[in-house]
Amino acid sequence: MPLILALCMVVGVLIGAFFASHFSGNRLNISNASSNKLSNLLHIIGDQYVDTVDMNDLVERSMPKILKELDPHSTYITASDMESNNDDLKGSFSGVGISFTIREDTLHVQTVISNGPAEKAGIVAGDKIISVDGKPFVGKDCNNETAMKRLKGAKGTKVKLGIIRYGEKNMRTFIVTRDDIVQKSVSCAYMLDNNTGYIRLKNFGETTYPEMLVALAKLSTEGIEHLVIDLRSNTGGYFASAVQIANEFLPGGKLIVYTKGRKSPREEYRSDGHGSYQRIPLIILINEESASSSEILAGAIQDNDRGTVIGRRSFGKGLVQQPIEFHDGSMLRLTIARYYTPSGRCIQKPYEQGKDEDYEQDLIQRYQRGEFFSQDSIKNEGQAYHTSNGRVVYGGGGITPDIFVPEDTSAVTPYYAEAVYSGIIYTFAFNYTDENRKNLNHFDNVTQMAAYLKRQGIVEQFATYANNHGLKRRNLMIHKSYELLERGLTSRIIYNMMDEGALYEYLNSDDDVIKSAMQVFKEGKSFPKNEKQTKKKH
């Protein structure tokens with residue numbers, strides 16, 4: 001009996017030590033009956049289960065399932081996933097300086113970062129990487145995750161890459177010294193016309209605010225009088241970056257956002273009046289994939305009647321996560337509060353605890369009920385709120401735009417859909433780029449390259465290629481989707497030859513949302529007014 005009691009005490013101490021060693025930073029107080037029951041369960045499994053159990057692995061796999069029962073955004077990130085999870089938001093990482101795509105089990109260099117490690121070593125776009133550090137890197141083991149792990153590394157370390165260059169049979173070897181690679185949040189910044197600037201933000205990271213200031217300074221030298229900030233498909237990131245950017249455009253003392261939770265008292269974030277662009281006519285673009293920090297910025301501009309929001313209703317992600325680090329390098333992101341716009345709207349769309357599937361299907365349900373195509377289909381079931389000027393806005397999740405622009409699917413056919421979803425349109429575009437780099441290198445701007453590609457009949461070339469690779473030719477569907485196919489192919493070839501900024505510059509040239517924004521500026525209505533006030537004045 002004394003021996004058994006001693007063993008029980010030792011096991012109890014070990015279980016307690018296990019949890020204590022895993023939780024750091026914000027300590028978790030586990031003392032209630034349920035947590036003791038969980039500890040007892042782990043003890044019983046370790047002591048009596050029929051097979052040997054890796055308790056660490058069991059806990060790792062159990063934590064995401066427990067958090068899934070709370071809300072859709074409380075998450076657990078393993079130590080091995082932490083680095084890649086933070087790279088996009090940190091603004092930089094150490095690597096070789098390429099973007100790549102994997103086609104036919106082979107890694108193809110898509111673009112090479114200017115003055116980066118790969119370019120300095122002599123690697124060019126179109127090269128195929130077939131070995132890394134002397135080991136073959138083709139076939140089933142060639143995937144995005146493995147490629148990132150093998151190409152990334154500490155600054156100053158070297159990696160040997162085996163390259164097959166287009167038109168050559170023999171492998172070349174390049175030694176690349178890894179260096180810091182800048183990850184930009186500003187995809188592009190250019191002038192839509194003589195006085196309208198355009199900035200696209202793909203996320204909100206550590207460097208987003210200074211990048212934004214640089215972009216604004218650049219546009220200011222080019223005569224900017226109006227500004228479009230494109231947040232479409234921007235899924236968010238660092239909350240502080242959104243607040244900083246909103247501050248640039250708002251007068252002093254304006255509420256930007258506030259947070260509130262069961263154990264988190266209301267905390268307000270207000271503008272300080274030091275922003276340099278407080279009066280510039282402003283338009284924010286959003287869609288159903290704009291989330292979190294994007295919604296904070298759009299909501300602040302809309303509720304303060306500082307500019308016009310155009311597009312489609314945003315995603316509706318308004319839960320505040322607090323990071324809790326563990327000693328082993330893993331992290332818990334626990335929801336502790338909700339975001340509210342200045343008018344009092346909760347950004348978060350409704351959800352039921354433990355029903356992630358329904359939550360994840362929300363965008364599909366919006367599509368099916370026609371919300372992407374008709375403003376009348378948007379469900380304004382939430383409470384009505386009022387902006388600074390008294391305009392009505394609705395809660396219930398996401399930011400509903402001031403001006404709705406439907407998604408145009410009139411030219412979408414089953415042929416076009418399969419071309420996109422199968423990836424064959426991207427494969428053709430990459431192969432076409434590879435085979436025509438010599439000719440395409442002659443063009444140094446988007447307009448010239450787009451005009452050249454329009455004369456090449458690339459849709460017909462694609463249809464022949466696709467037919468030979470499993471997508472049967474459908475002439476009537478190709479005719480109906482011709483402009484969509486041409487636009488998709490041209491945009492990918494431009495991206496392959498230039499960069500992300502060139503891609504958006506081309507796509508924006510025939511974009512209905514951009515056209516709507518330009519019309520608003522033309523009519524001088526970028527500062528929304530209360531309809532009642534407007535009628536009284538007239």
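## A walk through the mixed sheet and its neighbours

Start by selecting strand β12 (residues 226-230) and strand β15 (residues 282-286): these two run parallel to each other and are paired over 4 bridges. To see one such pairing, pick Val-228, whose bridge partner in β15 is Ile-283. What you have open is a predicted model, so please read each stop with that in mind.

**Widen to the whole sheet.** Now add the other strands. β12 and β15 belong to an open sheet of 6 strands with mixed pairing, in the order β10-β11-β12-β15-β16-β21. Which strands stand at the edges? They are β10 (186-191) and β21 (403-404); each has a single partner strand, so one side of each has no neighbour in the sheet.

**Add the helices lying across the sheet.** Select residues 293-303 to show helix α9, which lies across β15 and β16 (308-311) and runs at about 140 degrees to β15. Next, select residues 512-523 for helix α20. This helix lies across β11 (196-201), β12, β15, β16 and β21, at about 160 degrees to β15.

**Move to a pair of helices.** Select α7 (residues 208-221) together with α8 (residues 239-249): their axes come within 8 Å and cross at roughly 30 degrees. That angle is why α7 counts as roughly parallel to α8. Show side chains for Thr-208, Tyr-209, Met-212, Leu-213 and Leu-216 on α7, and for Ser-241, Gln-244, Ile-245, Glu-248 and Phe-249 on α8, and you have the residues that make the contact. Colour them by type and you will find 6 nonpolar, 3 polar and 1 charged.

**Stop at a hairpin.** Strand β13 (residues 255-260) and strand β14 (residues 267-270) run antiparallel and are joined by 4 bridges. Click on Val-257 and look over to Tyr-269, its bridge partner in β14. The hairpin that links β13 to β14 passes through 6 residues.

**Zoom in on a serine.** Ser-131 sits in strand β5 (residues 128-132). Is Ser-131 buried or exposed? Its relative accessibility is 11%, so Ser-131 counts as buried. Beyond its neighbours within four places in sequence, Ser-131 is in contact with Pro-136, Phe-137, Lys-160, Leu-161, Gly-162 and Met-171.

**Zoom out to finish.** With the full protein chain in view, there are 21 helices and 21 strands to browse. Of its 538 residues, 47% are buried. Switch on the surface, and the accessible area comes to about 28100 Å², with 51% of it belonging to carbon and sulfur atoms.

Notes
Residues are numbered from 1 along each chain as its sequence is written. This is a predicted model: local features need pLDDT of at least 70, side-chain atom pairs count only at pLDDT 80 or more; totals for chains, interfaces and linings use all residues. Side-chain values use heavy atoms; hydrogens and water are left out. Buried means under 20% relative accessible area, exposed over 50%, partly exposed in between (1.4 Å probe, protein chains only). Contact means heavy atoms within 4.5 Å. Accessible areas come from the Shrake-Rupley method with a 1.4 Å probe; for residues, only the protein chains shown count as cover. Two strands pair if DSSP finds at least two bridges between them. Axes are lines fitted to C-alpha atoms, for helices over the stretch in contact, and angles run from 0 to 180 degrees between N-to-C directions. Angles under 35 degrees count as roughly parallel, over 145 as roughly antiparallel, 65 to 115 as roughly perpendicular and the rest as oblique. Ala, Val, Leu, Ile, Met, Phe, Trp, Tyr, Cys and Pro count as nonpolar, Asp, Glu, Lys and Arg as charged, and the others, Gly among them, as polar.
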